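Got your viewer open? Load the model, show it as a cartoon, and let's take a walk through it.

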Amino acid sequence: MILEAQNLHVYYGLSHVLQGVDLSLEEGETLCLMGRNGMGKSTTLKALAGVIKPKHGKVTLKGRDITGKQPHQIARAGMGYVPEERRVFPNLTVIDNLTMGAKPPAGDGKNQVLWDVERVFRHFPRLAERCNNKGANLSGGEQQMLAIARALMGNPDVLLVDEPSEGLAPIMVLEVRDILAEINKSGVSVLLVDHNLEMAMSLAHKVCLMGKGRTGYFDTAEALQKHPEILAKYLEV
Ligand SMILES: Nc1ncnc2c1ncn2[C@@H]1O[C@H](COP(=O)(O)OP(=O)(O)O)[C@@H](O)[C@H]1O
Ligand SMILES: [Mg+2]
C-alpha cells in the first residue's frame, strides 16, 4: 500500500467533520473517492496532505508514518496535492509557475522518469502553447492543467487531485481525464475526488464511497459497476 489512512477524525472547531475515514491506495493504481457534497472528501484530502491535522488516526505514505507532519514535509516525502481552488500564480507565466513547483523525487529517483518542463509540455501540449502567458490569462481548464502539471514537477509518488473537472467545459473534462490516465500509467499513484461519475469510473481501479464524515463502501470499480444501487445510495441526493 503506497498510501493508507486509518480511522481519521477531523474537527473544525467543535464540529466533528471526519468521524472515521479509512483509505488505502495501492501502488500504481487510481483510487476515486466519491460522495455527496459536504460528506468530507476535501477535508480527507487536506488531512492526508497535512493542511489540517487529524485529531485521531494514522496516515502512512510508503510505509512511513506522516501523521501530523507539515504540508512541506509530506510533499518532500512524495505526495503531490492539487486542491479544489487550483492555486496557480496569476502574475507568473506558465513556465515560471512550473519551475516554482520543481522538486527532486522523495527517493533516489533511480526507477523514475523525472518530470521537468520539457516532459510536462509533451504531456500537456496546451500548456506548451501558452508557455509565456500569465496564469491569470489562462482558461479554467488550462489553469487546472497547470495546477496538476505543477504538482507533477515535484515528482510525487502519489498525487491527490480534488475535483479537477469542476467548472470545465466537456471537452476539457476529457482532456483532463486523459492526462490523469497518462500520469497514472507513467507510474504515479492517484487519489482522485470528482463528481463526474463517468470520468471517475473510467480512471478508477478502486472506488471508495463516503457517507457523512465516514468512508463506507470500498471495492474495485469493476465490482461497483455491477451494483448501481450502491452508487445511488451514496451519490444521489
Ligand atoms: N473550514 C471549515 N470550517 C468549518 N466547517 C467546514 C470547513 N470546511 C468544510 N467544512 C464543513 O465540513 C464538512 C465537509 O466538507 P468538505 O470536506 O468540503 O466536503 P466535500 O468535499 O465532500 O464536499 C461540510 O459540512 C462543510 O460544511
Ligand atoms: Mg470538496
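What follows is a tour of a predicted model, one selection at a time.

**Stop 1: the whole chain**

Start with everything on screen. The cartoon should give you 10 helices and 10 strands in the protein chain. Turn on the C-alpha trace and look along the principal axes: the trace spans about 45 × 35 × 35 Å. Does that fit a globule? The protein chain has a radius of gyration of 17 Å, which agrees with the value near 18 Å that a compact globule of 237 residues would have.

Now colour by burial. Buried residues make up 52% of the 237 in the protein chain. Switch to a surface and you're looking at about 11000 Å² of exposed area, with carbon and sulfur atoms supplying 51% of it. For contacts, take those with a separation of 6 or more: 68% of them in the protein chain join residues 24 or more positions apart. Colour the charges too, and you'll have 27 positive and 27 negative side chains, with the centres of the two sets 7 Å apart.

**Stop 2: helix α6**

Select residues 140-152, which make up helix α6. At 1.5 Å a residue, these 13 residues should span 18 Å, and the end C-alpha atoms sit 19 Å apart, which agrees. How many of the residues of α6 are buried? The count is 12 of 13, so expect a mostly covered helix, given that buried means under 20% relative accessible area. Show side chains and you'll find charged and polar names among the buried ones, including Glu142, Gln143, Gln144 and Arg150. Met145, Leu146 and Ile148 are on the buried list as well.

What do those buried residues pack against? Bring up β6 (79-82), α3 (94-100), α4 (117-123), α5 (125-129), β7 (158-162) and α7 (170-185): the buried residues of α6 pack against each of these.

**Stop 3: asparagine 97, a partner of α6**

Hop across to α3, where asparagine 97 lies. Buried or exposed? Its relative accessibility is 0%, so asparagine 97 counts as buried. Leave aside neighbours within four places in sequence, and asparagine 97 is in contact with Val88, Phe89, Leu92, Gly135, Leu146 and Arg150. Two of those names should ring a bell: Leu146 and Arg150 are among the buried residues of α6.

**Stop 4: glutamate 85**

Next, pick glutamate 85, in the loop between β6 and α3. Glutamate 85 is partly exposed, with a relative accessible area of 45%. Draw a distance from its C-alpha to that of glutamine 144: the two are 59 residues apart along the chain, yet their C-alpha atoms are separated by 9.1 Å. Gln144 is another of the buried residues of α6.

**Stop 5: helix α1 and the glycine after it**

Select residues 41-49 for helix α1. Here 8 of the 9 residues are buried, so the helix is largely enclosed by the rest of the structure. The buried set is Lys41, Ser42, Thr43, Thr44, Leu45, Ala47, Leu48 and Ala49. Step just past the end of α1 and check the backbone: glycine 50 takes a positive phi of about 85°.

**Stop 6: two positive phi values outside glycine**

Keep the backbone angles on and go to lysine 62, in the loop between β4 (56-61) and β5 (64-65). Lysine 62 is not a glycine, but it has a positive phi of about 50°. As for cover, lysine 62 is partly exposed, at a relative accessible area of 37%.

Then jump to glutamate 163, in the loop between β7 and α7. This residue, also other than glycine, has a positive phi near 50°. Glutamate 163 counts as buried, at 4% relative accessibility.

**Stop 7: helix α8**

Finish with residues 197-203, helix α8, and centre on alanine 200. Alanine 200 counts as buried, with 0% relative accessibility. Not counting residues up to four places away in sequence, alanine 200 touches Cys32, Met34 and Leu192. For a sense of scale, measure to aspartate 96: that residue is 104 away in sequence and 30 Å away in space, C-alpha to C-alpha.

Now click glutamate 198, also in α8. Is glutamate 198 buried or exposed? At 65% relative accessibility, glutamate 198 counts as exposed. One last distance: the C-alpha atoms of glutamate 198 and arginine 177, 21 residues apart along the chain, are separated by 9.9 Å.

Conventions: Residues are numbered from 1 along each chain as its sequence is written. Chains are lettered from A and ligands numbered from 1 in the order in which they are written. This is a predicted model: local features need pLDDT of at least 70, side-chain atom pairs count only at pLDDT 80 or more; totals for chains, interfaces and linings use all residues. Side-chain values use heavy atoms; hydrogens and water are left out. Helices (H or I, at least four residues) and strands (E, at least two) are DSSP runs, numbered from the N terminus. The radius of gyration is taken over C-alpha atoms; the globule rule is 2.2 Å times the number of residues to the power 0.38. Buried means under 20% relative accessible area, exposed over 50%, partly exposed in between (1.4 Å probe, protein chains only). Contact means heavy atoms within 4.5 Å. Accessible areas come from the Shrake-Rupley method with a 1.4 Å probe; for residues, only the protein chains shown count as cover. Lys and Arg count as positive and Asp and Glu as negative; His and the chain ends are not counted. The place of a charge is taken as NZ of Lys, CZ of Arg, CG of Asp or CD of Glu. The expected span of a helix is 1.5 Å times one less than its number of residues.
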